[in-house]
Amino acid sequence: TRQPVFVQLLQGVFRVYHCNWLNPLQKASVEACIKVLSDVAKSRAIAIPVDLDSQVNNLFVKSNNVVQKSILSWRLSTKNTSRRDSGLTTCRDYRNIIERLQVSRFVRYY
């Protein structure tokens, strides 16, 4: 009997999510609220309008894609950083070896 109120609440929260004045932390909180409301609607068999349901599902598909891209870019950056660091370390090691060899030759020569 309170299903229309629940649907209106979900619609209102979804509209708030699209406000431009939200900062990223607030947007994440609103997104979490939408997720909880959506899960409650599914668990209690509350009929959500098809268009609202598809919009909510698209929101989570997009947010999941953003998370996956962030994870992928983070992994790539850590791989590239570790390769770059190991390459710099190897380069420094070679430089130290060459410098020591040159110094030891110089010492033997004089």
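## Ground rules

Buried means under 20% relative accessible area, exposed means over 50%, and partly exposed covers what lies in between (1.4 Å probe, protein chains only). By that yardstick Q55 is partly exposed, because its relative accessible area is 38%.

What you have here is a predicted model, where local features need pLDDT of at least 70, side-chain atom pairs count only at pLDDT 80 or more, and totals for chains, interfaces and linings use all residues. Residues are numbered from 1 along each chain as its sequence is written, and side-chain values use heavy atoms, with hydrogens and water left out.

## The overall layout

The chain has 3 helices and 0 strands, so reading from the N terminus the elements go α-α-α (helices are DSSP runs of H or I with at least four residues, strands are E runs with at least two, and numbering starts at the N terminus). Of the 110 residues in the chain, 18% are buried.

Now for contacts, meaning heavy atoms within 4.5 Å. Take those between residues at least 6 apart in sequence: 68% of them join residues at least 24 apart.

## How far to trust it

pLDDT is the predictor's confidence in each residue, on a scale from 0 to 100. The chain averages 76, and 61% of the residues score at least 70. Among the elements, α1 has the highest mean pLDDT (91), while helix α3 (residues 50–109) has the lowest (66). Over residues 105–110 the pLDDT is below 50, and that stretch has 0 contacts in the model beyond near neighbours in sequence. Where pLDDT is low, the predicted coordinates should not be read in detail.

## Helix α1 against helix α2

Two packed helices are described by the angle between their axes and the distance between the axes. For helix α1 (residues 3–17) and helix α2 (residues 24–43), the axes come within 9 Å and cross at roughly 155°. Those axes are lines fitted to C-alpha atoms, for helices over the stretch in contact, with angles running from 0 to 180 degrees between N-to-C directions. The two helices are therefore roughly antiparallel to each other (under 35 degrees would be roughly parallel, over 145 is roughly antiparallel, 65 to 115 is roughly perpendicular, and the rest is oblique).

On the α1 side, F6, L9, L10, V13, F14, V16 and Y17 meet K27, V30, E31, C33, I34, L37, V40 and A41 of α2. The residues of this contact divide into 13 nonpolar, no polar and 2 charged. Here Ala, Val, Leu, Ile, Met, Phe, Trp, Tyr, Cys and Pro count as nonpolar, Asp, Glu, Lys and Arg as charged, and the others, Gly among them, as polar. One of the α2 residues, V40, is partly exposed, with a relative accessible area of 27%. V40 and F6 are 34 residues apart in sequence, and their C-alpha atoms are 9.8 Å apart in space.

## Links to later residues

Q8 is found in helix α1 and counts as exposed, at 53% relative accessibility. Its C-alpha atom is separated by 9.7 Å from that of I48, 40 residues apart along the chain.

Q55 belongs to helix α3. The C-alpha atoms of Q55 and F14 are separated by 8.8 Å, and the two residues are 41 apart along the chain.

## A loop residue to look at

A45 lies in the loop between α2 and α3. Its phi is near 55°, a positive value in a residue other than glycine. A45 counts as exposed, at 62% relative accessibility.
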